[in-house]
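Open the structure in your viewer and keep the sequence panel beside it. This tour tells you what to select at each stop and what is there.

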Amino acid sequence: MKRIFFVLPVLFLLFSACEKSSDNPSPDNGPDTVKLTMGAGYINDVYYKLDSGVVATVARNTWDIAFHISTMGATILTNDGNNVVLYAYPDGDTTAWKTISASNMGTWKALYNSDTTWTMGAFEHNAKGHPDYGWGVYNSASHDVVGDSLFVIKLNGGQLKKLWIHRKYSTQNIYKITYANLDGTDSITQLIDCKPYTAKNFVYYSLTSNSVVDREPAKDKWDFVLTKYMVLIPAGPQVMAQTVTGILTNTMRLSTMGVVSYTGVRAAKLENADQTTTDYSSAHFSTSISTIGYDWKDAVSYTPPTYTVKDDRVYFIKRPDGSVYKIYFVAFDASSGVASFVEQKLN
């Protein structure tokens, strides 16, 4: 039996107090050592704002897909850092909804979010460019994006769901989706209203609890997040998907018209550098969300997991107000999921 829901948010934010601690820098411009704690198994995402401290520590396993709140965008992410894997159904368009089969799933290509931009989610990897957004096609009359593809999504526990993004009603900023077990049971249709979340970058959704998850701080309240995400690593002539733990920067800002711009946080990496340096004149500030990324550390043992950090890496971060900060990492404790870095405001 099909069920239709209008969803209400489930709150999962655990905001940190703004008192001085190992998670928060001191108010002067001197170097401070900061510790970000993900917890054992790296179960949390930690949102951080330079010169203010930890903004929120949020469980990662509470969502499966996320919708960018821009009225003029169509980005949909998967929680690939929590082992959620997306496949585009190759054997039919939306007319195949009732007969969809995963019998040859082993031959399908897995789709993942980009690790360089927030505006290329797993659902868009088959996009051909405007008006084709991968999961749907832009309609110039209604200005909606109309779904023309079906997907199979593998959740963290291994459960398979078929998923259809019917439409983005652009003027209302509402998505309509349907998902069900592969045999059609437990079919649920949801309307995801992005309007209550316009202070954020994304609104999140759980296919397990059938609910919106309000987990992300306001977009002007954080500079980067320590999280787990997926990267594609060359492996001979092929590439291998690998989950990594690292820093993604908050590069996005929205205009009042809902258009994405990259006037948000930008970062630069200086390699083979003296970590005492404060000279960023040669630094290239990038809009790539993974400029800091994960490779500031090296695994020296996997049983138990043990890491060293690279002592010749310096990162410069430029915020939207023009202020520039320097950070460099000093430790990563795999057992407790604690990343330690030194932070210094330069101007």
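**Stop 1: Val 146**

Select Val 146 and show what surrounds it. Beyond its neighbours within four places in sequence, Val 146 is in contact with Trp 135, Gly 136, Val 137, Asn 139, His 166 and Arg 167. Val 146 itself sits in strand E11, residues 145–147. Is Val 146 buried, partly exposed or exposed? Val 146 is partly exposed, because its relative accessibility is 26% and buried would need a value under 20%.

Now add Ile 165 to the selection. In sequence, Val 146 and Ile 165 are 19 residues apart. From C-alpha to C-alpha, the two are 8.1 Å apart in space.

**Stop 2: the whole chain**

Zoom out and colour by confidence. This is a predicted model. The mean pLDDT of the protein chain is 91. Of its residues, 90% reach 70 or more. Select residues 1–8: here the pLDDT is below 50. Beyond near neighbours in sequence, this stretch still has 22 contacts in the model. Move on to residues 10–21, where the pLDDT is also below 50. That stretch has 26 contacts beyond near neighbours in sequence. Where pLDDT is low, predicted coordinates should not be read in detail.

Switch to a cartoon view. How many helices and strands does the protein chain have? There are zero helices and 27 strands. The chain has 347 residues, and 52% of them are buried. Take the contacts between residues at least 6 apart in sequence: 56% of these join residues at least 24 apart. Turn on the surface. The accessible surface comes to about 15,400 Å². Carbon and sulfur atoms hold 53% of that surface.

**Stop 3: two nonpolar cores**

Hide the surface and go inside. Nonpolar side chains tend to be buried together in soluble globular proteins. Select Ile 65, Phe 67, Phe 123, Trp 135, Tyr 175 and Tyr 205. These have the most contacts inside the largest nonpolar core, which has 28 residues. Trp 135 also appeared at the first stop, as a contact of Val 146.

Which elements give two or more residues to this core? Colour these strands to see them:

- E6 (65–68) and E12 (151–154)
- E13 (160–169) and E14 (174–180)
- E15 (188–193) and E16 (202–206)

Strand E14 gives the most, with three residues.

Another core lies apart from this one. Select Leu 50, Leu 226, Tyr 315 and Ile 327, which are among its 24 residues.

**Stop 4: salt bridges**

Show the charged side chains. Side chains of opposite charge can pair when their charged atoms come close. How many salt bridges does the structure hold? It holds ten.

Begin with Asp 193 and Lys 195. Their side chains meet in a salt bridge, 3.0 Å from N to O. Asp 193 is partly exposed, with a relative accessible area of 28%. Lys 195 is partly exposed too, at 41%.

Next, centre on Arg 313. Arg 313 forms a salt bridge with Glu 271, with the closest N and O atoms 3.2 Å apart. This pair links distant parts of the chain, 42 residues apart. Arg 313 is in the loop between strands E24 (305–309) and E25 (314–318). Glu 271 is in the loop between strands E22 (266–270) and E23 (297–302). Arg 313 counts as buried because its relative accessibility is 8%. Glu 271, at 43%, counts as partly exposed.

Keep Arg 313 selected and add Asp 295. The two form a salt bridge, and their closest N and O atoms are 3.5 Å apart. Asp 295 lies in the loop between E22 and E23, so the pair ties together parts that are 18 residues apart in sequence. Asp 295 counts as partly exposed, at 26% relative accessibility.

Add Lys 269 as well. Lys 269, Glu 271, Asp 295 and Arg 313 are linked in a network of salt bridges.

**Stop 5: Ser 114**

Finish at Ser 114. Find it in the loop between strand E9 (110–111) and strand E10 (136–138). Is Ser 114 buried or exposed? Ser 114 counts as buried, because its relative accessibility is 18%. Look for the backbone nitrogen of Thr 117. This nitrogen lies 3.3 Å from a polar atom of the Ser 114 side chain. Then show the contacts beyond four places in sequence: Ser 114 touches Met 120, His 125 and Ile 289.

Methods. Residues are numbered from 1 along each chain as its sequence is written. This is a predicted model: local features need pLDDT of at least 70, side-chain atom pairs count only at pLDDT 80 or more; totals for chains, interfaces and linings use all residues. Side-chain values use heavy atoms; hydrogens and water are left out. A nonpolar core is a set of buried Ala, Val, Leu, Ile, Met, Phe, Trp, Tyr and Cys residues joined through side-chain atoms within 4.5 Å. Buried means under 20% relative accessible area, exposed over 50%, partly exposed in between (1.4 Å probe, protein chains only). Helices (H or I, at least four residues) and strands (E, at least two) are DSSP runs, numbered from the N terminus. A salt bridge is a side-chain nitrogen of Lys or Arg within 4 Å of a carboxyl oxygen of Asp or Glu. Contact means heavy atoms within 4.5 Å. Accessible areas come from the Shrake-Rupley method with a 1.4 Å probe; for residues, only the protein chains shown count as cover. A polar contact is a pair of N or O atoms within 3.5 Å; within protein, one must be able to donate a hydrogen and the other to accept it, and residues adjacent in sequence count only if both atoms are side-chain atoms. pLDDT is the predictor's confidence in each residue, from 0 to 100.
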